[in-house]
Amino acid sequence: MESYGINAIIESRNIRILAADTKEITETARKFHDLYPTANAALGRVMAIAALMAMNLKDEGEKIQISINGNGPLGTVFVEAKSSGDIKGFVGDPSVYLKYNDSSKLAVGLAVGTDGYLKVTRFSNEIPFTSQVEIQTGEIGDDFAYYFALSEQVPSIVACGVLVDIDYSTKSSGALIAQLLPGHKEEDIVYLEEVQKRLRPVSTLLDEGMKIEEIIFEYFPEAKILEKRKLQYRCDCNRDRFLKGLLTLNDKDLDEVLKDDDIIIKCEFCNKTYHFSKEDIQRYRNV
Ligand SMILES: [Zn+2]
């Protein structure tokens, strides 16, 4: 089933809800990068949140990039999400498989680490805008809740999760963000806090067979759905862009690269490889 996100609102309570089923995206990324369970869960959680944040982008070509590095074994988790619903990402070390000792839960927090930053860059105007916060637990959901509170001054519920099967395939993956809108009242805050107490993990609810719309109505019966957006793992890399990248190297570096007969560049997001011959490069060099 394809991944999709829902944008909903409760006008009377000044609450906006974004939620997505991202199983297909998470599973596609797992296959591309050969992700072990904890690496899969970490990337899947970040992609799910990024997908929801990108649903706020309206214009074509707008995108956000998220970079998280807490100095844990996973290295950097990097995700890009576009207004078109295209998501892509990678992690520093795909082979991380850590569990918490006291449970069978995947130890995303240990894999990510807590000594570092969560950075969000928005490309919606001409000048990209980056804001960052310190990583709190490395569990991703907590970190984004902190980000929304601090960077955007928006009190939010942030839930995200990935369930991984014994054969390492993705069982379920999704996220939900509920935010208070400007003009909210004290009672709206209380309402949101009550929901947060009752909210079960989104990945569990999806695994039990609930659709994302049903999850929204289960916790927010008065919600009105405004938009449904298709989401997909898609990389837009192409030969031209890598060639241009090569040509931005200075002469010394380019000469170094050209020592080898064939230049092979692998895309970090989709593993596609691009071959450039010496002649290819020389032809465009200094043009
Ligand atoms: Zn690519």
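**Briefing: zinc site, pocket, cavity and selected residues**

Tyr168 counts as partly exposed, at 28% relative accessibility. The model is predicted. A zinc ion is held by four cysteine sulfur atoms, from Cys235, Cys237, Cys267 and Cys270. The largest pocket has a volume of about 820 Å³, and the largest cavity holds about 50 Å³. Two residues other than glycine, Asn14 and Tyr168, have a positive phi.

**Zinc site**

- Which protein atoms bind the zinc ion? The donors are the SG atoms of Cys235, Cys237, Cys267 and Cys270. They lie 2.2 to 2.3 Å from the ion.
- The site is tetrahedral, with angles of 104 to 117° among the four donor atoms. That label applies because four donors count as tetrahedral if all angles lie between 85 and 135 degrees.
- Along the sequence, the donor residues follow the spacing C-x1-C-x29-C-x2-C. Cys237 and Cys270 link distant parts of the chain, 33 residues apart.
- Cys237 sits in the loop between β10 (224-233) and α8 (239-247). Cys270 sits in the loop between β11 (262-266) and β12 (273-277).
- Are Cys237 and Cys270 buried or exposed? Both Cys237 and Cys270 are buried.

**Largest pocket**

- The volume of the largest pocket is about 820 Å³. Its lining is made of 31 residues.
- Which residues lie nearest the centre of the pocket? They are Arg45, Lys105, Gly161, Val162 and Ser203.
- Four elements each give at least two residues to this lining: α2 (37-54), α4 (141-151), β8 (156-164) and α6 (202-207).
- Strand β8 supplies the largest share of the pocket lining, with eight residues.
- By class, the pocket lining has 18 nonpolar, six polar and seven charged residues.

**Largest cavity**

- Rolling a probe the size of a water molecule over the atoms reveals where empty space is left.
- How many cavities of 30 Å³ or more does a search of the whole structure find? The search finds one. The largest cavity encloses about 50 Å³ of space.
- The cavity is lined by Glu80, Ala81, Lys82, Asp86, Ile87, Lys88, Arg234 and Asp236. Strands β4 (77-82) and β5 (86-91) are the elements that give two or more residues to this lining.
- Six residues of the cavity lining are charged and two are nonpolar. No polar residues take part.

**Positive phi angles**

- Most residues other than glycine have a negative phi.
- Asn14 is not a glycine, yet its phi is positive, at about 55°. Asn14 is placed in the loop between β1 (3-10) and β2 (15-21).
- Why does Asn14 count as buried? Its relative accessibility is 15%, and buried means under 20%.
- Tyr168 has a positive phi near 75°, again in a residue other than glycine. Tyr168 belongs to the loop between β8 and β9 (170-180).
- At 28%, Tyr168 is classed as partly exposed, because that class runs between the 20% and 50% limits.

**Residues in strands β3 and β7**

- Asn69 is part of strand β3 (residues 63-69). With a relative accessible area of 27%, Asn69 is partly exposed.
- What does Asn69 touch, leaving out residues up to four places away in sequence? Its contacts are Gly75, Thr76, Asp115, Gly116, Tyr117 and Ile135.
- The C-alpha atoms of Asn69 and Val91 are separated by 9.7 Å. Along the chain these two residues are 22 residues apart.
- Thr130 lies in strand β7 (residues 129-134). Thr130 is partly exposed, at a relative accessible area of 42%.
- Leaving out residues up to four places away in sequence, Thr130 touches Lys119, Val120 and Thr121.
- From Thr130 to Gly61, the C-alpha separation is 17 Å. The chain places these two residues 69 residues apart.

**Leu150 in helix α4**

- Where is Leu150 found? Leu150 is in helix α4, an element that also supplies at least two residues of the lining of the largest pocket.
- Leu150 is partly exposed, with a relative accessible area of 46%.
- Leu150 and Ser131 are 19 residues apart along the chain. Their C-alpha atoms are separated by 9.9 Å.

Key:
Residues numbered from 1 in each chain as written. Predicted model: local features only at pLDDT ≥ 70, side-chain atom pairs only at ≥ 80, totals over all residues. Heavy atoms only, no water. Donors = N, O, S within 2.8 Å, 3.2 Å for Na, K, Ca; no water. Tetrahedral: all angles 85-135°; square planar, octahedral: opposite > 155°, others 65-115°. Buried < 20%, exposed > 50% of the residue type's maximum accessible area, 1.4 Å probe, protein only. 1 Å grid on protein atoms, 1.4 Å probe; cavity = no way out; pocket = protein on both sides within 12 Å on 5 of 7 lines; lining within 4 Å. Points joined across faces, edges and corners; volume = space filled by probe spheres on them. Nonpolar A, V, L, I, M, F, W, Y, C, P; charged D, E, K, R; others polar. Contact = heavy atoms within 4.5 Å.
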